[in-house]
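Grab a coffee and open the viewer. Here are a few exercises to work through, each with a solution.

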Amino acid sequence: MGRYQISLLVLFCVVSLFDQGLTNPVDDHQNDDHHDAPIVGHHDAFLKAEFDLTSLNADLEKFIHHEIEKEIHDVENHTEHNKHEIDALHLEIKQLHEEVEYFKSHHVAFSAELTHPIENLGAEEIAHFDKVRVNSGHAYHVDTGKFVAPEEGFFYFSVTICTKRDSILEMALHVNDHDEMIIHADAEHLELGCASNSEIVHLQKGDHVEVVKHGADGVPPFYIHTMSTFTGFMLH
């Protein structure tokens, strides 16, 4: 109930009580001998109005007290609900911050090329991509041509192999000394033949990945052009 509604109710009750006392006057057309008689009804009306107003005030105080307590209770509940929401947001922000810091410290990516061509590559020989353009996380080792996983996760690798005329060259992406994928470059009737392949692999910490000559397959001379590349990065 609003403040103005309560005020109007009080005013209406008071006016009604006074009306009850004032609507019983002595009849002017009665015998003039009774004209000077005291009007007791007026006093009764005032006493009744005062008693009813006191009772009404008590009821209003109870009602207002109840409404105030209810409002305080609602505010406390709303405040507690907001506190839980704020705590949940703080926790989410903390988790996001930790994830950002994790990816900043665990970002792994590399891209390597050749400074000079590799000729007469032997079976299972590793191709050393010695021109490193990117090596975030330092997981690619230029001296061995191997990528070593710094931690467990999923990694993406891409290899492009180019070879010169009259050569058919098969290379393989090795993961811990077994073939993961094959790259077949054919320049038997071309000036330059290139082929690319890519793979997503699940590695454990310490697993090594390299590009090697795929056995004795192909047509010599086994020649790797400087346009060849070896690239990889950690997904998650």
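Below are three exercises on this predicted model.

**Exercise 1. Work out how the chain is built up.**

Step 1: Count the elements. The chain has two helices and 10 strands.
Step 2: Put them in order. Starting at the N terminus, both helices come before the strands: α-α-β-β-β-β-β-β-β-β-β-β.
Step 3: Look at the contacts. Taking those with a separation of 6 or more, 70% are between residues 24 or more positions apart.
Step 4: Check the burial. There are 236 residues in the chain, and 28% of them count as buried.

**Exercise 2. Find the disulfide and say which parts of the chain it ties together.**

Step 1: Search the whole structure; one disulfide turns up.
Step 2: Name the partners. Cys 162 is joined to Cys 194, with an S to S distance of 2.0 Å.
Step 3: Place them. Cys 162 sits in strand S5 (residues 153-164) and Cys 194 in strand S8 (residues 192-203), so the link ties together parts 32 residues apart in sequence.
Step 4: Get the handedness. The angle about the S-S bond is 110°, and the link is right-handed.
Step 5: Buried or partly exposed? Cys 162 is buried at 1% relative accessible area, while Cys 194 is partly exposed at 43%.

**Exercise 3. Track down a nonpolar patch on the surface.**

Step 1: List its members. Phe 154, Ile 200, Phe 233 and Leu 235 make a patch of about 330 Å².
Step 2: Zoom in on one of them. Leu 235 lies in the segment after strand S10 (229-234).
Step 3: Check its cover. Leu 235 has a relative accessible area of 37%, so it counts as partly exposed.
Step 4: Zoom back out. The chain exposes about 15500 Å², with 57% supplied by carbon and sulfur atoms.

Notes. Residues numbered from 1 in each chain as written. Predicted model: local features only at pLDDT ≥ 70, side-chain atom pairs only at ≥ 80, totals over all residues. Heavy atoms only, no water. Disulfide = S-S within 2.5 Å. Helix = DSSP H or I, 4+ residues; strand = E, 2+ residues; numbered from the N terminus. Buried < 20%, exposed > 50% of the residue type's maximum accessible area, 1.4 Å probe, protein only. Patch = residues over 30% accessible without salt bridge, like charges linked within 9 Å, V, L, I, M, F, W, Y side chains within 5 Å. Areas by Shrake-Rupley, 256 points an atom, 1.4 Å probe, with all protein chains shown as cover. Salt bridge = Lys/Arg side-chain N within 4 Å of Asp/Glu carboxyl O. Contact = heavy atoms within 4.5 Å.
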